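Thanks for coming, everyone. Let me put the model up, and then we'll walk through its strands and its charged side chains.

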Amino acid sequence: MTTSKTRQPHFFIFLLPVIAASFLLAACQEDSRAVSTSSDRASEIADSRLNKATDGLMTTLGQTRETGYTATEPKELTWTAPLTREDGSSLELGEIAEFRVYYRFRHQDNFKVIRIESPATTRLSLAEMAPGAYEFAITTVDIQGLESRRSTPVNVDLI
């Protein structure tokens, strides 16, 4: 019996380094989700900022995502220049070349574009537009010519 008791501590002494090594190897493995998580997070941030800008535009027009807006007096679109790019990196005002306001009558397929070539201008009067049911969306163009995705469309009924 003494022989078997003396062998057990030797077995555990051998087993302890094996267990420790397996924990170390498991901790050193690369997390394959890290790259995808950071890209997913950047996409979430971009979508969140785009939605925030769209909500600001819609609030300016007096509407919500569920309802439209009927303008009985001259209105204007207003927006806030973005502080970040779609990938989450910062965007300085000096890096913005222009804004593009895309619009169309809701029954039409093609958009027309109004270029706002001053990054300091964040308003567009709708006073000169013909009466009708419009859809508006806006993009930002940087000094390298890269254009952002269009904002969520905003519906405006000018009467």
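One term before we start: when I say contact, I mean heavy atoms within 4.5 Å. And please keep in mind that this is a predicted model.

Let's begin with Asp 142. It sits in strand β6. Is Asp 142 buried or exposed? Its relative accessible area is 5%. The cut-off for buried is under 20%, so Asp 142 counts as buried. What does Asp 142 touch, once we set aside residues up to four places away in sequence? Four residues: Arg 85, Glu 95, Ile 96 and Ala 97. With Arg 85 there is also a side-chain polar contact, at 2.7 Å.

Stay with Arg 85. Glu 95 is its salt-bridge partner, and the closest N and O atoms lie 3.6 Å apart. Both residues are in the loop between β2, residues 76-78, and β3, residues 96-105. They are 10 residues apart. How accessible are the two? Arg 85 comes out at 25% relative accessibility, so it is partly exposed. Glu 95 has 24%, so it is partly exposed too.

That loop between β2 and β3 also holds Ser 89. Ser 89 is partly exposed, with a relative accessible area of 31%. Its side chain makes a polar contact of 2.7 Å with the side chain of Asp 87. Beyond neighbours within four places in sequence, Ser 89 contacts Leu 83 and Thr 84.

Now, strand β3. Why call it largely enclosed by the rest of the structure? Because 7 of its 10 residues are buried. Look at its pairing. β3 and β6 run antiparallel, joined by 9 bridges. One example is Tyr 103, whose bridge partner in β6 is Phe 136. β3 also pairs with strand β4, residues 112-116, again in the antiparallel sense, over 5 bridges. β3 and β4 make a hairpin, with 6 residues between them. Here Arg 100 has Arg 115 as its bridge partner in β4.

On to charge. Side chains of opposite charge can pair when their charged atoms come close. How many salt bridges does the count give? It gives 10. We have seen one. Here is another: Glu 135 with Arg 104, closest N and O atoms 3.1 Å apart. Glu 135 is in strand β6, residues 132-142, and Arg 104 is in β3, 31 residues away. Both Glu 135 and Arg 104 are buried.

A further salt bridge joins Arg 115 and Glu 117, at 3.5 Å from N to O. Which residues are tied together through shared salt-bridge partners? Glu 98, Arg 100, Arg 115, Glu 117 and Glu 147 form one network. Within that network, Glu 117 is exposed, at 54% relative accessibility.

Glu 98 deserves its own look. It belongs to strand β3. It has a relative accessible area of 4%, so it is buried. Its side chain has a polar contact with the side chain of Arg 100, at 2.7 Å. It has another with the side chain of Arg 115, at 2.8 Å. Where does the fold bring Glu 98 in space? Its C-alpha lies 6.2 Å from that of Thr 140, although the two are 42 residues apart in sequence. Leaving out neighbours within four places, its contacts are Arg 115, Ile 116, Glu 117, Thr 139, Thr 140 and Val 141.

Last topic: the nonpolar side. The largest nonpolar core has 18 residues. Which of them touch the most other members? Leu 77, Trp 79, Phe 99, Val 101, Leu 126, Met 129 and Phe 136. The elements giving two or more residues to this core are β3, β6 and β7, which spans 154-158. β3 gives the largest share, 4 residues.

Zoom in on Trp 79. Not counting residues up to four places away, it touches Phe 99, Val 101, Ile 116, Thr 121, Thr 122, Arg 123, Leu 124 and Ile 138.

To recap β3: it is largely enclosed, it pairs with β6 and β4, and it gives the largest share of the core. That's all from me.

Terms used
Residues are numbered from 1 along each chain as its sequence is written. This is a predicted model: local features need pLDDT of at least 70, side-chain atom pairs count only at pLDDT 80 or more; totals for chains, interfaces and linings use all residues. Side-chain values use heavy atoms; hydrogens and water are left out. A salt bridge is a side-chain nitrogen of Lys or Arg within 4 Å of a carboxyl oxygen of Asp or Glu. Buried means under 20% relative accessible area, exposed over 50%, partly exposed in between (1.4 Å probe, protein chains only). A nonpolar core is a set of buried Ala, Val, Leu, Ile, Met, Phe, Trp, Tyr and Cys residues joined through side-chain atoms within 4.5 Å. A polar contact is a pair of N or O atoms within 3.5 Å; within protein, one must be able to donate a hydrogen and the other to accept it, and residues adjacent in sequence count only if both atoms are side-chain atoms. Two strands pair if DSSP finds at least two bridges between them.
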